[in-house]
Amino acid sequence: MDIRTLKPRRRSTTPIYLQLYQRFRDAIAEGRLSPGDRVPAVRSLASELNLARGTVESAYQILVSEGYLVARGPAGTVVSPHLDGRHGFDAPRTRASAPRPAGIAKTPPRPFQLGLPALDAFPRKTWVRLAGRRLRGMGDADMDYQAPGGYLPLRRAIAAYLGVSRGIACAPEQVFVTTGYLDSLNLIRHTVLSAGDKGWFEDPGYPFARRFLERAGMRLVPVPVDEEGLCVQAGRRLSKNARFAVVTPTHQSPLGVALSLPRRLALLEWARENQSWIIEDDYDSEFRYHGRPLPPLKSLDRYGRVLYAGTFSKVLYPGLRLAYLVVPEDCVPTFEATVSLLRMDSPALQQATVADFMEQGHFSRHLKKMRALYGERRGYLVAALEQAFGDALRIPDRAGGLHVLGYWKGEQSDSAVAQAANAQGLAIHALSTWKMKGLADQGLLLGFANLGSAQAARGAVRRLLQTMKNA
């Protein structure tokens with residue numbers, strides 16, 4: 001592969017590390033990089049492209065976490081040998097190869113992979129029927145550039161869903177369709193933030209959002225999280241006048257705790273006092289297994305300080321590349337102006353299909369089905385882990401989410417366990433790598449959405465144990 005094809009555009013609004021990530025992904029999709037190929041070392045690539053090492057490391061970390069690359073320690077980093085078709089494309093094959101049946105995932109996801117819903121349970125027949133109908137009826141208007149902010153029927157459907165299911169009263173004009181959570185953050189930082197602004201960030205917290213904001217010039221203040229969520233009083237002590245706070249109040253990422261009501265009210269009061277922004281990442285609140293989903297901060301916001309980010313990646317499938325941002329009513333004109341410049345359009349066909357899926361009742365039925373399914377699959381994984389690890393892995397009881405957090409008490413570090421496991425085709429995150437400051441608890445983050453049976457869960461846990469013994 002010619003390294004010059006990876007060279008990013010300095011004047012692009014897309015951060016350089018995301019450009020680099022996209023170029024590697026395209027190279028794999030187009031067959032210029034094949035499963036098993038070794039990629040340049042971080043230091044070497046940074047030197048070749050005249051980039052900071054941290055920029056290349058960020059791109060590589062995203063590629064590793066999404067399964068495109070596998071880090072093998074001293075042996076270097078390679079394109080995952082298990083990649084064929086997992087991300088919606090086939091690896092290059094010879095002309096003699098037999099054609100493979102179409103589908104969203106042609107090989108199983110890696111065991112314990114985070115951020116991935118149950119692909120085997122997606123209602124594909126319904127989806128294909130709705131998409132086919134839209135495709136057959138496509139007219140000239142559907143081929144034109146879309147209106148800034150997204151397809152209006154989809155914005156209406158999202159606003160209606162949020163009003164009924166999440167208690168958020170908003171007009172369709174307040175909803176902006178984006179291509180993902182990082183795209184929503186990009187819209188926010190171009191509209192209401194400036195380089196150098198200070199912001200609270202949960203510690204531990206979602207590392208990709210952290211790196212995105214840091215690359216965008218934000219100065220992040222790590223604020224500790226305990227069993228009641230973000231410690232608002234600690235945030236006040238550390239940086240009372242911060243311009244923004246990034247929070248996951250309904251299901252904290254990665255600890256899984258919920259922000260208590262007193263702290264929700266305290267956070268909203270802090271934002272009112274300082275005219276600061278609260279960026280609420282409500283990434284998987286639909287999946288709560290005990291009682292109804294907790295109300296989002298946005299539903300309690302009386303001062304117009306909450307920017308609410310949701311996504312379809314967890315509730316439908318990540319290949320859609322569809323998310324949304326709800327802004328206060330008086331901010332709509334400024335966000336519209338930014339969107340018209342950034343042109344963050346998603347394909348009209350996909351937006352229209354999602355709108356039909358929601359308006360015809362398929363969305364609510366799918367969510368109800370998945371809540372029950374994920375409750376079962378979480379139980380499969382917890383039972384397998386408790387049987388295999390005993391007291392060496394403490395699993396706190398959590399009410400929702402798509403991953404299990406196990407606090408690790410073994411002799412190896414959590415990062416060493418994760419690295420050894422992932423080199424053998426698993427997809428585990430070490431809790432310590434999500435920490436910004438201070439000593440980190442040792443823990444393993446394990447996704448369970450695609451463990452379809454108790455037997456599958458036990459088999460994946462056995463593989464984990466085996467890799468640890470061989471490390």
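Good morning. I begin with F312, which is buried, with a relative accessible area of 3%. Please keep in mind that the model is predicted.

The partner of F312 is F363, which counts as buried at 3% relative accessibility. The ring centres of F312 and F363 lie 6.1 Å apart, and the planes meet at 70°, so the pair is edge-to-face; the cut-off for that class is over 60 degrees. This contact links distant parts of the chain. F312 sits in the loop between β9 (306-311) and β10 (323-326), whereas F363 belongs to helix α12 (residues 362-389), 51 residues apart.

How many aromatic pairs does the structure hold? The count is 16. Among them is the pair of Y181 and Y206, which is tilted, at 6.3 Å centre to centre and with 40° between the planes. Here too, distant parts of the chain are linked: Y181 is in helix α6 (residues 181-191), and Y206 is in the loop between β4 (198-203) and α7 (207-215), 25 residues apart. As to accessibility, Y181 is buried, with a relative accessible area of 13%, while Y206 is partly exposed, at 28%.

I turn next to a larger grouping of rings. One aromatic cluster is formed by F122, W127, Y317 and F357.

Finally, I address arginine side chains over rings. R215 lies over the face of Y17, at 5.9 Å from the ring centre. Likewise, R272 is placed over the face of Y303, and the distance to the ring centre is 5.7 Å.

Thank you for your attention.

Definitions and conventions:
Residues numbered from 1 in each chain as written. Predicted model: local features only at pLDDT ≥ 70, side-chain atom pairs only at ≥ 80, totals over all residues. Heavy atoms only, no water. Phe/Tyr/Trp six-rings, centres within 6.5 Å; stacked < 30°, edge-to-face > 60°. Helix = DSSP H or I, 4+ residues; strand = E, 2+ residues; numbered from the N terminus. Buried < 20%, exposed > 50% of the residue type's maximum accessible area, 1.4 Å probe, protein only. Lys NZ or Arg CZ within 6 Å of the ring centre and 35° of its normal.
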